[in-house]
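Here is a short briefing on a few local backbone features. Please keep the sequence and the structure open while you read.

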Amino acid sequence: MQWNELLASGQILKIAGMLAAAACLICGAAHPVQAAELKKKMLVVYFSMPETDDPRGMTRDEANSVVVVDGKVLGNTQYVAQLIQERTGADIFRILPQNPYPTAHDALVGQAKEEQRQKARPAISGAVAGMAQYDVVFLGYPNWWADMPMIVYTFLESYDLSGKTVIPFCTHGGSGFSRTIQTIAAKQPGANVMQDGYALSRSRMEEAPAGVTEWLEELGFKK
Ligand SMILES: Cc1cc2nc3c(=O)[nH]c(=O)nc-3n(C[C@H](O)[C@H](O)[C@H](O)COP(=O)(O)O)c2cc1C
C-alpha cells in the first residue's frame with residue numbers, strides 16, 4: 001500500500017488525531033521563544049527532495065514536490081527553508097545525501113520505504129561548520145512515510161544540539177508532522193525542542209510566504 005492510500009483510508013488521520021490530542025498536553029510544557037532569540041545565532045538545516053529540476057512539462061508527482069519561483073525549481077521544504085532564512089538572517093545548511101536519491105517518484109518512494117524498514121542511516125555529504133556557535137536550529141524535512149526521512153536521523157545522531165532551541169518545520173501531503181517532533185525531542189534530550197513547529201501541506205505552498213512570516217512573528221522572530 002502506498003503512503004497516500006493509507007492516508008485516504010483514514011487510518012493515519014485517526015492516529016494523527018489521537019497523537020495531536022496527546023501533543024497538546026505536552027505543548028503547555030514547551031518554552032515559548034522570546035524576542036530576545038533574534039539576537040541569537042541561528043541556523044536553518046533542511047532536507048528536501050524535489051523530483052525534477054525542469055519547470056516544463058512536469059508530471060503530477062513532480063509538480064506536487066516542487067515550487068517554481070522566478071523560473072527556478074525548488075523542493076517544497078527547500079522553499080520554506082529559504083523563506084525562514086530570508087526572514088531571520090540565519091545561516092543555512094542543506095542535508096544532501098552522499099548517494100543521490102532517484103528523482104523518479106516510484107523509485108524514490110520505494111527506496112524511502114526500504115530505508116525506513118532497515119532503519120538506514122544514509123551518509124550526509126558535507127557537515128555543519130561550527131555547530132557550537134548556534135543557539136537556535138530550525139530543522140526542516142518532508143514527511144516521508146509518516147516519519148522523517150532516514151537521513152534526518154543521520155543528522156540528529158551526528159550532532160549534539162544540547163542547550164539549543166530546535167524548531168521543526170515540515171511539508172507534507174496530508175499527514176502533517178506525524179510523530180516527528182516527539183522523535184526529535186527523544187533523539188536530542190538536551191535540546192529545547194519546540195512543539196509548535198510549522199507544517200505546510202504541499203497543496204498549499206502558495207501560503208508559505210505569509211504563513212512563514214506570521215509563524216515567525218508569533219515566535220518572536222519579527223525583524
Ligand atoms: C518517499 C515519500 C514518502 C512520502 N510519505 C508521505 C506521508 O507519509 N505522508 C504525507 O503526508 N506525505 C508524504 N509524502 C509527500 C511529501 O511529504 C511532500 O510531497 C513534501 O512536500 C515533499 O517535500 P520536498 O519537495 O521538500 O521533498 C511523501 C513523499 C515521498 C517522496
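In this predicted model, strands β2 and β3 form a hairpin with 2 residues between them. Asp70 sits in the turn and has a positive phi of about 50 degrees.

**The β2–β3 hairpin**
- β2 covers residues 66-69 and pairs with β3 in the antiparallel sense over 4 bridges.
- Val69 has Lys72 of β3 as its bridge partner.
- In a regular strand, side chains alternate between the two faces of the sheet.
- β3 (residues 72-75) shows this alternation. Val73 and Gly75 point to one face and are buried. Lys72 and Leu74 point to the other face and are not buried.

**Positive phi outside glycine**
- Most residues other than glycine have a negative phi.
- Asp70, in the loop between β2 and β3, has a positive phi near 50 degrees and is not a glycine.
- Asp70 counts as exposed because it has 5 C-beta neighbours inside 10 Å, and the cut-off for exposed is 12 or fewer.
- Ser178 also has a positive phi, of about 50 degrees, and is not a glycine. This residue lies in the loop between β8 (165-172) and α7 (180-187).
- Ser178 counts as buried because it has 21 C-beta neighbours inside 10 Å, and buried takes 20 or more.

**Helix α4**
- α4 runs over residues 76-88, which is 13 residues. At 1.5 Å a residue it should span 18 Å, and its end C-alpha atoms are 19 Å apart, so the two values agree.
- Buried residues of α4 include Tyr79, Val80, Leu83 and Ile84.
- Gly89, just after α4, takes a positive phi of about 75 degrees.

Terms used: Residues are numbered from 1 along each chain as its sequence is written. This is a predicted model: local features need pLDDT of at least 70, side-chain atom pairs count only at pLDDT 80 or more; totals for chains, interfaces and linings use all residues. The expected span of a helix is 1.5 Å times one less than its number of residues. Two strands pair if DSSP finds at least two bridges between them.
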